[in-house]
Amino acid sequence: MKVTLIQNTPNPEKIIAAAAKLCYSDSSCENIMNGLTDEKTNNFIKMLADLGHESPVEHVTFTFGIEGVSRTLLAQITRHRLASFSVQSQRYVKKDNFIFITPPSISSNPEIEKMYIKSMNDSFTAYNIIADNLSKKYYNEYLEAGINEKQAKSKAEKKAIEDARFVLPNACETKMVVTMNVRSLMNFFKLRCCKRAQWEIRALAMEMYKLCIKTAPLLFINSGPSCVCGNCSEGKMSCGMSAQVKEEFDKIKEKAKNR
């Protein structure tokens, strides 16, 4: 897995402070940024956190590049609807270089891993056979329809992999660009940094969290799973490891402060 912070709103904490300033003072939009010192900016951010006033943080966005994750993860992350996603298409990109994600529980067991790898390779073999046969079929059809050879070949391959991809497993690697505003990110971290989250999306959420708190430490200082920000929200389904999780996040926050 590789997670990159591609871009974020410049001066994120100051932008949020400016939005809060408009809410709580008789300021005009024209001079809303005037007089926002670091101290005043920090005070506004802390005030919003104390009040639970979250709408101003929606004005700031973070855009991530994500690679080396599975289609299983894609199905989970797109449940976070207040986000923008651009995902590498299996409809238009032929999987000549088949990369798949292996869960740690499988890679730690040689016998199971052997079976798993065989299953992946069988899927990829079937994918290529289906794609090649469909491509030949469509190629001839396009030629008969009067399309030139170059266009016929391109159109046939694209149409072929559109259906051949159905045999590819959820383990198949994908890439995506994801943009979220800070409010959505905080909700994402609350749910997906939790120990009870599925292992792959928790690993992703942790990497995203580290990038965010490094960029805007004050803004994300109180974000994380519910047990870090208060009490565990999982009830009887709690992992029972809140102390360890708090310690894990304290180390991340301390590291961010010292950069």
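**Exercise 1.** In this predicted model, find which side chain forms a polar contact with the side chain of Ser226, and decide whether Ser226 is buried or exposed.

*Solution.* Begin with the side chains: those of Ser226 and Ser233 are joined by a polar contact of 3.0 Å. Next, place Ser226 in the fold, where it belongs to helix H10. Then look at its surroundings: leaving aside residues up to four places away in sequence, Ser226 touches Lys190, Asn231, Cys232 and Ser233. Finally, compare the accessibility with the cut-off: buried means under 20% relative accessible area, and because Ser226 has a relative accessibility of 13%, it counts as buried.

**Exercise 2.** Work out whether the distance between the ends of helix H5 agrees with the span expected from its 35 residues, and list the buried residues of H5.

*Solution.* Helix H5 covers residues 110-144, and the expected span is 1.5 Å times one less than the number of residues. This rule gives 51 Å for the 35 residues, and because the end C-alpha atoms are 51 Å apart, the two values agree. As for burial, the buried residues of H5 are Tyr116, Met120, Ser123, Phe124, Tyr127, Ala131, Leu134, Ser135, Tyr138 and Tyr142. Part of what covers these buried residues is helix H4 (104-107), together with helix H6 (149-164). Just after H5, the chain reaches Gly146, which takes a positive phi of about 95 degrees.

**Exercise 3.** Describe the largest pocket by its volume, and state which element gives the largest share of its lining.

*Solution.* The volume of the largest pocket is about 560 Å³. Its lining consists of 22 residues, and those nearest the centre are Ala49, Glu54, Met186, Asn222 and Ser223. Two or more lining residues come from each of helix H2 (38-51), helix H7 (182-192), helix H9 (217-220) and helix H10 (226-229), while the largest share, five residues, is given by H2. Sorted by character, the lining of this pocket has nine nonpolar, eight polar and five charged residues.

**Exercise 4.** Determine how many cavities of 30 Å³ or more a search of the whole structure finds, and characterise the lining of the largest cavity.

*Solution.* The search finds one cavity of 30 Å³ or more, and the volume of the largest cavity is about 90 Å³. It is lined by 15 residues, of which Cys194, Cys227, Cys232, Glu234 and Cys239 are the closest to its centre. The elements that contribute two or more residues to this lining are H10 and helix H11 (242-257). By character, the lining of the largest cavity divides into eight nonpolar, four polar and three charged residues.

Terms used. Residues are numbered from 1 along each chain as its sequence is written. This is a predicted model: local features need pLDDT of at least 70, side-chain atom pairs count only at pLDDT 80 or more; totals for chains, interfaces and linings use all residues. Side-chain values use heavy atoms; hydrogens and water are left out. Helices (H or I, at least four residues) and strands (E, at least two) are DSSP runs, numbered from the N terminus. Buried means under 20% relative accessible area, exposed over 50%, partly exposed in between (1.4 Å probe, protein chains only). Contact means heavy atoms within 4.5 Å. On a 1 Å grid over the protein atoms alone, a cavity is a set of points where a 1.4 Å probe fits but cannot get out, and a pocket is an open set with protein on both sides within 12 Å along at least five of seven lines; lining residues have an atom within 4 Å of a point. Grid points are joined across faces, edges and corners, and a volume is the space filled by probe spheres set on the points. Ala, Val, Leu, Ile, Met, Phe, Trp, Tyr, Cys and Pro count as nonpolar, Asp, Glu, Lys and Arg as charged, and the others, Gly among them, as polar. A polar contact is a pair of N or O atoms within 3.5 Å; within protein, one must be able to donate a hydrogen and the other to accept it, and residues adjacent in sequence count only if both atoms are side-chain atoms.
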